[in-house]
Amino acid sequence: MEGLVIRNTGSWYVVATDAGATYNCKIKGNFRLKGIRSTNPVAVGDRVELSENADGTAFITAIRPRRNYIIRRASNLSKESHILAANIDMTALVVTLVNPVTSTTFIDRFLATAMAYNVPALLVFNKVDLLSSDEDKELLDAVTYLYESIGYDTVCISAKDGSGMDRLREALKDKLTLLSGNSGVGKSTIVNELVPEAAVKVGEVSDSHHTGMHTTTFSEMYNLPDGGAIIDTPGVKGFGTIDFKKEEISHYFPEIFEESKNCRYGNCTHTHEPGCAVLQAVDEHRISASRYASYLSIMDDGDDDKYRKAF
């Protein structure tokens, strides 16, 4: 019997079978994926094989080959990964420029990981209703221009008042999309707007720290009314990359990779070498300082202690 993992609570998985039944499942035995050291060997979006138990539950006995997946470094286990979702068509990263502020380092780390795992990414700028001053609006224009000029699609919305939601619905239609972002950026409100019957609990942003508090505690798939589905995941504070080879990191920054073709040395790390076209492009502001700083941050990811802190 086969099915699709639609919910992960940490200890239990909910699997929908092709026949329309759902089972609460656990993993049978010491289940490890070949080549992946993960805190959660089964993820929402996985196709799995089941063995039904007498009490109506089931064991997951095998995972079907994945088309793709996206992972991050586990929060407190620097050498292990956490699989966010599998077999997805796209990922939508929800970010906010106020209440709370999503750092460009977080955005760039997420985008680099999505590119590394061949997952198209959409940037969703939420809470634009809070950007009332001319300075706020200029910041939004500048940030969206930056990422659009690199080649990323962006959409600006307010899940609270509904502006931009039709464009987001169109972007998500007929796709399986991972919805991710920091705590407090409004993912739960977005899910409730897209799928009203989901009734996801909505949290508040801390007044003292201006950071979000977790409301979603597990990953779950929701079918969209007009076709497709979204996978809602718990908010994350930081995004640690894992298994990136230093010589390949520039490949996941399209503008850096493009400029690197003009470097004097083929093995240029774009940090100090003479004749480095990337460093020249940064000096001439053709590559943004924030993106280059994110590149350097990932280059330093070999330091395991780094992942005791958030990004």
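# Notebook: ring pairs, cysteines, a helix crossing and selected residues

**Entry 1. Aromatic pairs.** I counted the ring pairs and obtained four aromatic pairs. I note at the outset that the model is predicted. I took up the pair of Phe244 and Tyr252, whose ring centres lie 5.1 Å apart. The planes of Phe244 and Tyr252 stand at 55 degrees, so I recorded this pair as tilted. I then looked up the accessibility of both partners. Phe244 is buried at 18% relative accessibility, and Tyr252 is buried at 15%.

Next I examined Phe253 and Tyr295. Their ring centres are 5.9 Å apart and their planes meet at 85 degrees, so I entered the pair as edge-to-face. I asked where the two residues sit in the chain. Phe253 belongs to the loop between strand S13 (229–232) and helix H5 (254–260), while Tyr295 is in helix H7. The two are 42 residues apart, and the pair links distant parts of the chain. Phe253 has a relative accessibility of 0% and counts as buried. Tyr295, at 1%, counts as buried too. I also noted a cluster in which ring pairs link Phe253, Tyr292 and Tyr295.

**Entry 2. Helices H1 and H7.** Having met H7 through Tyr295, I looked up how this helix lies against H1. The axes of helix H1 (residues 104–116) and helix H7 (residues 289–299) come within 9 Å of each other. They cross at roughly 65 degrees, and the crossing of H1 past H7 is right-handed. On the H1 side I listed Thr104, Thr105, Asp108, Arg109, Leu111 and Ala112 as the residues making the contact. On the H7 side the list reads Ser290, Arg291, Ser294, Ser297 and Ile298. I asked how the residues of this contact divide by character. I found three nonpolar, five polar and three charged.

**Entry 3. Cysteines.** I searched for disulfides and the count came to zero. I asked why Cys276 forms no such bond. The closest cysteine sulfur to that of Cys276 belongs to Cys268 and is 3.7 Å away, which is too far for a bond, because a disulfide requires the sulfur atoms to be within 2.5 Å. I also checked whether Cys276 is buried or exposed. Cys276 counts as buried, with 6% relative accessibility. For Cys25 I read a relative accessible area of 0%, and this cysteine is buried.

**Entry 4. Ala277.** I moved to Ala277, which lies in helix H6 (residues 277–283). At 8% relative accessibility, Ala277 is buried. I listed what Ala277 touches, leaving out residues up to four places away in sequence: the partners are Glu259, Asn262 and Cys263. I also looked up the separation of Ala277 from Glu258. The two residues are 19 residues apart in sequence, and their C-alpha atoms are 9.7 Å apart in space.

**Entry 5. Ser219.** I located Ser219 in strand S12 (residues 219–223). Its relative accessible area is 11%, and Ser219 is therefore buried. I asked which residues Ser219 contacts when neighbours within four places in sequence are left aside. The contacts of Ser219 include Ile6, Arg7, Asn8 and Val44. Asp232, Thr233 and Pro234 are also in contact with Ser219.

**Entry 6. Backbone checks.** I examined the peptide bond from Asn99 to Pro100 and found it cis, with omega near 0 degrees. Pro100 is placed in the loop between strand S8 (90–95) and H1.

I then looked up two positive phi values. Asp174 is not a glycine, yet its phi is positive, at about 65 degrees. This residue lies in the loop between helix H3 (165–172) and strand S11 (176–181). Asp174 counts as exposed, at 56% relative accessibility. His270, likewise a residue other than glycine, has a positive phi near 65 degrees. I placed His270 in the loop between H5 and H6. I asked whether His270 is buried or exposed. At 3% relative accessibility, His270 counts as buried, whereas Asp174 counts as exposed.

How values were computed. Residues are numbered from 1 along each chain as its sequence is written. This is a predicted model: local features need pLDDT of at least 70, side-chain atom pairs count only at pLDDT 80 or more; totals for chains, interfaces and linings use all residues. Side-chain values use heavy atoms; hydrogens and water are left out. Buried means under 20% relative accessible area, exposed over 50%, partly exposed in between (1.4 Å probe, protein chains only). Axes are lines fitted to C-alpha atoms, for helices over the stretch in contact, and angles run from 0 to 180 degrees between N-to-C directions. Helices (H or I, at least four residues) and strands (E, at least two) are DSSP runs, numbered from the N terminus. A crossing is left-handed if the near helix is turned anticlockwise from the far one by less than a right angle, and right-handed if clockwise. Contact means heavy atoms within 4.5 Å. Ala, Val, Leu, Ile, Met, Phe, Trp, Tyr, Cys and Pro count as nonpolar, Asp, Glu, Lys and Arg as charged, and the others, Gly among them, as polar. Rings of Phe, Tyr and Trp (its six-membered ring) pair if their centres lie within 6.5 Å; planes under 30 degrees apart count as stacked, over 60 as edge-to-face and the rest as tilted.
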